[in-house]
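Open the model in your viewer and get ready to select by chain. This tour walks through one interface, stop by stop.

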There are 4 protein chains.
Amino acid sequence: MSKQLRVGMVGYAFMGAAHSQAWRTVNHAFDLPLSARMQAVSGRSAQAVAAAATRLGWAEHTTDWRSLITRDDIDLIDICSPGDTHFEIALAALAAGKHVLCEKPLANTVAEAREMAAAAEAARTTGVVAMCGFNYRRVPAVTLMREMVAAGRIGDVRHIRANYLQDWIVDPWFPLVWRLRKEVAGSGALGDIGAHIVDLTQHVTGQSITTVSALTETFVKRRPLPGSDELGDVTVDDAALFLARLSGGAIATYEATRFATGRKNGLRVELNGSLGTLAFDFERMNELEFYDATKPAAERGFTRILVTEPEHPYMTAWWPAGHPIGYEHTFTHQARDLIEAISTGQHPAPSFTDALQVQLVLDAVSRSAETCSWTTVEQPEEKS
Amino acid sequence: MSKQLRVGMVGYAFMGAAHSQAWRTVNHAFDLPLSARMQAVSGRSAQAVAAAATRLGWAEHTTDWRSLITRDDIDLIDICSPGDTHFEIALAALAAGKHVLCEKPLANTVAEAREMAAAAEAARTTGVVAMCGFNYRRVPAVTLMREMVAAGRIGDVRHIRANYLQDWIVDPWFPLVWRLRKEVAGSGALGDIGAHIVDLTQHVTGQSITTVSALTETFVKRRPLPGSDELGDVTVDDAALFLARLSGGAIATYEATRFATGRKNGLRVELNGSLGTLAFDFERMNELEFYDATKPAAERGFTRILVTEPEHPYMTAWWPAGHPIGYEHTFTHQARDLIEAISTGQHPAPSFTDALQVQLVLDAVSRSAETCSWTTVEQPEEKS
Amino acid sequence: MSKQLRVGMVGYAFMGAAHSQAWRTVNHAFDLPLSARMQAVSGRSAQAVAAAATRLGWAEHTTDWRSLITRDDIDLIDICSPGDTHFEIALAALAAGKHVLCEKPLANTVAEAREMAAAAEAARTTGVVAMCGFNYRRVPAVTLMREMVAAGRIGDVRHIRANYLQDWIVDPWFPLVWRLRKEVAGSGALGDIGAHIVDLTQHVTGQSITTVSALTETFVKRRPLPGSDELGDVTVDDAALFLARLSGGAIATYEATRFATGRKNGLRVELNGSLGTLAFDFERMNELEFYDATKPAAERGFTRILVTEPEHPYMTAWWPAGHPIGYEHTFTHQARDLIEAISTGQHPAPSFTDALQVQLVLDAVSRSAETCSWTTVEQPEEKS
Amino acid sequence: MSKQLRVGMVGYAFMGAAHSQAWRTVNHAFDLPLSARMQAVSGRSAQAVAAAATRLGWAEHTTDWRSLITRDDIDLIDICSPGDTHFEIALAALAAGKHVLCEKPLANTVAEAREMAAAAEAARTTGVVAMCGFNYRRVPAVTLMREMVAAGRIGDVRHIRANYLQDWIVDPWFPLVWRLRKEVAGSGALGDIGAHIVDLTQHVTGQSITTVSALTETFVKRRPLPGSDELGDVTVDDAALFLARLSGGAIATYEATRFATGRKNGLRVELNGSLGTLAFDFERMNELEFYDATKPAAERGFTRILVTEPEHPYMTAWWPAGHPIGYEHTFTHQARDLIEAISTGQHPAPSFTDALQVQLVLDAVSRSAETCSWTTVEQPEEKS
């Protein structure tokens, strides 16, 4: 094949497994100018990272992420570790001239995100590429949604109704894992899953959130410490709800929660426009609902588009019509777009500046919830 | 208001209640040349028919159905009694110059049905009108389905997939009611619910069933006699399945059963044509699914038409868009069409001859199941 | 039959037609201590009210609603006229010792509603009954939802997600009808449809809204005057969105809009509790979705309960399982409950005080939207 | 890692790509005693097979499938070429002591299938394993369906309703590809997709089809030869429909068609039992519908089980609950089970004898359609 893109990955848990599947698959699904090579993975525990390297298919492993950055035979650093590590790793990688793929949220604070975005913009001038991993943009049905909005198929977007509903901590005896601790995770449902619907809705509509009114809630305030009988304080939100106004005149409701019993990964977005409506639910990720108000009245209705046709985004790489794809394919599509971008020296979307803008929205949401007041979202100076 | 149509109804059980609701409602929903008057109801038990008259809103009651026919102040005989009574009542009514609405199945045998059809054709020449009560034709979504097929929206119909699924006798201790006795009911699932999908599919496609291969089954062969500990023989089919070829080249599967656990009134029809597909399920009777293969590939899919718009059949009579109607409305629509027909002296569809044709199909199905062979359906000489 | 309940109705448009269908049907569907008699209807135009009386089945008609109140042969005043007329009619009727059924919203202002509630409470002591017409409480699936919450089937309710989505004024050339004028309608989507989801969610959860943060929007600010080329100002909201906290600890998003293209009458409520979830959508009004988190993990999921069984609220009155009912049945159920209440001298829910409480919520929402701040809901002194 | 399983694959089109994805992935998803190695692929065209080897990730390639069999460094032959080649390749591979995975249909004739089954049974005694590739058995929802039937969750199965609906040749100008030629493909929809529902329904119910009545149809009888203006004869069925009786008393309708416009890969199976119902549709492959008739009447309904929980078959290998998997995962699960079987020397299901039994059903269906008569299915002497 072609020239290689040698990857070093930091972290090997849920996101690490998903990224590994993508790197392993991308060149078999797509015809690309660079061939991904899974060079090395790093992690804190020597034993665990060795096992992960074998299981996930990385050629080498290390407990020192810095060693990945100093090696000459690694071209891209793929950051899959918790949010409180992103800042240091990403800055070091960019400084070393490595391309960077960083999982969302970009950082745990606006200050960090701002510095990372500045570093990425500076690196861009030298052909170094940085991308933030909002993988849901690459669900074919979501990409199609964006294309249809851009093509004017639903006219002016007036309403956005965005939920991200999970239920994995409804049980009050579920332990106090790192995702429930503010110092590691930054926030709870808001940053973990709320970030996705903030990014996704802005991405598909082309409108930015300008002002918000929010509330957050922690339903279960103390939980058992992992492997212990003792209880500790939950320091993040279980749920975050907010109203928003957007730059193009749309109004919106957002809801991110880990307490929607029975909803497992219910990322749902509905857009009502002047000419139609589009609706998506990740639990049925191969489908997109479309209402076309320009059709004759007697035949109007919501059309369930099965997004598995060769005419649909990314789908020529996969199976015949009617054969669903899964969650992991979103990461493979992300890897594809990143490889294309690297080969041309273009920043792929979402850039670190895009991710900073999401962080600014989340920050405004947090402040709004704290102050019980409408809060204006600061916009980054330049958004790609 | 206008001239009256004075109705005498025979029978007051399930169908009697549904027809009563229709006669009571029809002139308030539709602007019609005749005003229905609920003159009298007849039934075998003096006490029960008196109570029914009060409950259902009939002005008078009697235990002698013949008295309804001899009265001058009754214009239409509405036959809602079991199938083994239809023949005698309908012939007497037609002979007396009364209009007749007869519930399906028209009769329990082909011979009876043939005679009734002949009598109805004869009466037609004197302005007397006869109609058989296949109410599902008057579900707005079904009427729309027929209109869309007729307009060529799905091209040539190639496949028919018709099920009528119920589950009310899955429990082996459910008693041996009259519907499970051949001498009263004629047949089981076949005549009771299979008749509906035979009529409906022929009606919406405009094609006639020409040949069938069938099997029938009685899963529970003995059941408790009503109000008794003793068991009696079930003498009708619990389920009837058949393959069919139709006059226009379509091929079909039909299935009528009372043993589809969880399916309560699952009358489902799907038509696959050369240009599209239409699908209907009575449990969601306000919806029609439409696939239009002539649309751009990326936007194709099944459109769930909510059949509650003023542009839809019968719906100007009811509520604003999005407000569902129910089962009983099909009888009100039937009453409306019957009144329109009487006022113009036209036989309304389905005529008795149409119903005879359904009976001939059911007869071919029964014989096919008995002989385990493909069986040709006799066609009536003239079908309206 | 039994003793009569003689009804006089004010107004004969959409609500008048729905109420008429209920009065005509209720005694044929249910066995009740009083028999409704459709005595007289009033309306402003002599010609139109005469036609309406004939079409809807009222014995008499008048242009003077006051005459209904002074007549001795009328027991109940049914108020179906626009919101700005409710106050005067209801007070007069109660003063005259008539029972009152008043369509929602109870009034156009809190002050009016407060006075009406006080009058109703006073009248109650003399056996006079007053009820507000929040008909959606009487959808069997909604009543079942309430019963299941009360029985603890979903545990503590944490999330409420309530939308009422319509689209009938998306077209900017739709005329400036009375529902778009504040002086007649009081408010727009908020009072017309938002009122329903406020009432319904409080009713099914047993929790009261205590504080809100809202935004409202008018997307199309000028529209053609009816029958004219000139444009006039739309003086009500097209859409109202708000966050809320409830008395039992639940948090909620509410959205009422007439700009959700393709959603015709999308009244949707989802409740997430500590043990399960319940979800309802009026466009499929015969269904209720239930997730039971106490079942074994491998068999958990959303159960689509077809609410047509004899075990379900109100359903013994209607058809066999699997046979849907429609919108109008909610009014028949309301009439049934009202007749039961009158016969026992009990105020039926929702009382005028319940309706006042809804009005207080709507008022807090309006003020929150105007002031862009969280606003506390005043609670009525006594809520039945 | 562990000991290797060195694979040689014959064919590299649709099935070859799916199998390659499985071999590449299986050891990264599951912890297994053998590690798959993609040793070599064979194909007829030197240039095409070289390109396929690169794209799909095979270490070597050849135009001579026999060379794969004679090599010592290949342990398993994976047959993904058209049906008319299976017989010769499988027999040669088994004779050489290679394990065999053979795509369905096992062969194009019963005679071939019988010989292959005998060879596989003989090879079994020497520890050589043979499996037929009915991948849909390994959809987690289908495996769960089988487990639930076996556990008695729906009681005695009475009805089977099985459809496999596609639409890729509705267009009469679609060319006469090899799948439409009897000499290569054996049959049309019947063998290609009908085989899947025959296998799947027998597998999940544990009942065998004993007798059938069938019809087949070719709607478009002549089509353009590939790359030509000339027309050639379509020599296979476009659609095959049949009724069946099964060994456990169930009755069934089967339908396989390539003319169900809008249905892309609509493999649907519904089983009605004495205690409940299970229903599956591959277009929503992560879901299983379950009706449990033993629950209280007011809470009964169809439960949509999202089959993505760790408690579900195969799912611990993948992502958190609510994250769908896709079509290709069924092949990875198949590879997993095959590797497990090889490591223990057990024939995995479906064995060649199982596949022979499916072939015998298809043969009976074909003969029934030709003779227009009920036809008994011959059963293989021993079925694993």
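A salt bridge here is a side-chain nitrogen of Lys or Arg within 4 Å of a carboxyl oxygen of Asp or Glu. By that rule, the interface of chain D and chain B holds 6 salt bridges. Keep in mind that this is a predicted model.

Select B:R263 and D:E270. They form a salt bridge, with the closest N and O atoms 2.8 Å apart. Now widen the view to polar contacts: 21 residue pairs make them between chain D and chain B, both residues at pLDDT 80 or more.

Next, colour chain D by strand. Elements giving two or more residues to the side that touches chain B are β7 (157-165), β8 (209-217), β11 (239-246), β12 (251-257), β13 (266-273) and β14 (276-281). Pick out β11(D), which gives the most, with 6 residues. Recolour this side of chain D by residue class: 22 nonpolar, 15 polar and 10 charged.

Select the whole contact. Chain D supplies 47 residues and chain B supplies 47 residues. About 3,400 Å² is buried between the two chains, and carbon and sulfur atoms give 55% of that area. Show D:R158, D:L215 and D:T261 as sticks. In chain D, these lose the most area to chain B, together 16% of what that side buries.

Last, superpose. A turn of 180° with a shift of 0.0 Å along the axis lays chain D on chain B, with an RMSD of 0.0 Å. The two copies are therefore related as by a two-fold rotation axis. Centre on D:S373: in chain D, its C-alpha is the nearest to the axis, 2.9 Å away. Both copies use the same surface, as 100% of the contact residues of chain D recur in chain B.

Conventions. Residues are numbered from 1 along each chain as its sequence is written. Chains are lettered from A and ligands numbered from 1 in the order in which they are written. This is a predicted model: local features need pLDDT of at least 70, side-chain atom pairs count only at pLDDT 80 or more; totals for chains, interfaces and linings use all residues. Side-chain values use heavy atoms; hydrogens and water are left out. Contact means heavy atoms within 4.5 Å. Buried area is the accessible area (1.4 Å probe) that two parts lose on being put together, summed over both. A polar contact is a pair of N or O atoms within 3.5 Å; within protein, one must be able to donate a hydrogen and the other to accept it, and residues adjacent in sequence count only if both atoms are side-chain atoms. Helices (H or I, at least four residues) and strands (E, at least two) are DSSP runs, numbered from the N terminus. Ala, Val, Leu, Ile, Met, Phe, Trp, Tyr, Cys and Pro count as nonpolar, Asp, Glu, Lys and Arg as charged, and the others, Gly among them, as polar. Copies are superposed by least squares on the C-alpha atoms of residues with pLDDT of at least 70 in both.
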